[in-house]
Amino acid sequence: MNRHSFTAKRFVSVLLVTGSLSCVLFATSSKAQGTAPTTAPSQEDMRLYDIATAPSADRLRSDVEKLVSFGTRHTLSETKSDTQGIGAARRWIKAEFERISADCGGCLEVITLSDTATGKRIPKPTEVVNVIAIQRGTLAPKRVVMMSGDIDSRVTDVMDSTSISPGANDNASGVAGALEAARVLSKYQFSGTIVYAALSGEEQGLYGGATLAQYAKDNDWQVQAVLNNDMIGNIEGINGVIDNHTVRVFSEGVRIAETADEAKERYFSGGENDSASRNLARKIKTLADQYMTNLDVMMVYRLDRFGRGGHHLPFNKAGFPAVRIMETNENYNRQHQDIRVENGIAYGDVIEGVDFDFNAKLTALNAISLASMAWAPAPPETVTIEGKVSASTTLNWQPSKQQDIVGYRIYWRLTTQSEWSHSRYVGKVNSFKLDNMVIDNYLYGVASVSANGNTSPVVFPGVAGAF
């Protein structure tokens, strides 16, 4: 036998012995069903580099200063005054969104969503009002990606609605980020819809998020990403660490909306680390790595901080992919505190605790994530996988009629890896076979690809990973 003519199977075995994992994967991932594409779209959209540097620290400072000037934005605070309380704050936010819309020729639809709430932290019926700006997509207006921040603030006593409560970082920084993202992205047009949301009632029980999640369902929005920004301006942690280059992205693993039957399916096929929210977090990290400098995304495999919650939870409960974006090192002296000096320590969420360059950086992370996903096609639907007791693995998905889709990309990784390590463009097909890749040994997914270089988040097969 000629020394160069050994079979593919033997070649794979040799590679396995040498431990060259990446070579094995690419050598064995060979056959598409149909004609294999000869070229693949670029995986880079140059517009996103511009967006990554567009948010202004000065504009963010101005917005946070204005929000702080309302004294308190407690959900139960004054609503009639033009200068004090949450009513004045939300009217200013609405006017600011309307100003942004005027600058882009009316590209934003600015609305308020309200509901009357009562509960443990709302002792009497209270109107909880959200301010929403909608930038409609040109091709798929029902397909929605969203950025949110919380209007309301608080001091030590969660029921104290009158004491000065600046809420500079928690969460004027998030609302200012949503306003600034709207300023930046309103200069572009997108295939999908972008929603910028200023939510109320977070500190009293996540009421505003629940109202918007229900509105999304009632209006048949296909919500594919909710980026909840809660405290995106502090760089000095209670642990003494000063850090302006890392950010945490929290995401649920197993979906809170999972049914008993879905849990049984997941138990035998996997997916506990591949919910839509978890793969949304991976997408955000991938974009940061490509388009941003001096920002490392820490994916935290937890819904939220230990024993705590945020406004992405109502969207998760509604079955939508949603994550929390926030600073890495919290300073508990500067959140949920009466303003005071005690034992030489200054307490209170005042504007001096916000680093606006960092605030701009995390706003930029949101902006590139929203833009990329709004320019990308919708994630693939009805993704399934087969290959039990077989030498090969086949992925299938529903064929798409979207105008902005040019094909699909297959992803895989070892079961112990946190991020997708390998991918291959397979063209505009709806099935792909990976020869000599045993289904048991890897995790797999599929993403939709557009001609402009943007891809959807990766979809893990089955209900566990569906968007």
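**Reading strands and salt bridges**

Trainee: In this predicted model, which residue in S15 is the bridge partner of Tyr 411?

Mentor: Look at Ser 423, the bridge partner of Tyr 411 in S15.

Trainee: What makes S14 and S15 a strand pair?

Mentor: Two strands need at least two bridges between them. S14 (residues 407–414) and S15 have five bridges, in the antiparallel sense, so they count as paired.

Trainee: And why is S15 called largely enclosed?

Mentor: Five of the six residues in S15 (residues 422–427) are buried, so the rest of the structure largely encloses that strand.

Trainee: On to charges. How do you know that Glu 180 and Arg 183 form a salt bridge?

Mentor: The cut-off is a nitrogen to oxygen distance within 4 Å. Their closest N and O atoms are 2.8 Å apart, so the pair qualifies. Both residues sit in helix H6 (residues 168–185), about one turn of the helix from each other.

Trainee: Why is Arg 183 called buried?

Mentor: Buried means under 20% relative accessible area. Arg 183 has 12%, so buried is the right word. Glu 180 is buried too, with 0%.

Trainee: What about Glu 236 and Arg 334: what makes them a salt bridge?

Mentor: Their closest N and O atoms are 3.3 Å apart, and the limit is 4 Å, so they pass. Each residue lies in a loop, so this salt bridge ties together parts 98 residues apart in sequence.

Trainee: Why is Glu 236 called partly exposed?

Mentor: Partly exposed lies between the 20% and 50% limits. Glu 236 has 34% relative accessibility, so that label fits. Arg 334, with 25%, is partly exposed as well.

Note on methods. Residues numbered from 1 in each chain as written. Predicted model: local features only at pLDDT ≥ 70, side-chain atom pairs only at ≥ 80, totals over all residues. Heavy atoms only, no water. Buried < 20%, exposed > 50% of the residue type's maximum accessible area, 1.4 Å probe, protein only. Helix = DSSP H or I, 4+ residues; strand = E, 2+ residues; numbered from the N terminus. Salt bridge = Lys/Arg side-chain N within 4 Å of Asp/Glu carboxyl O.
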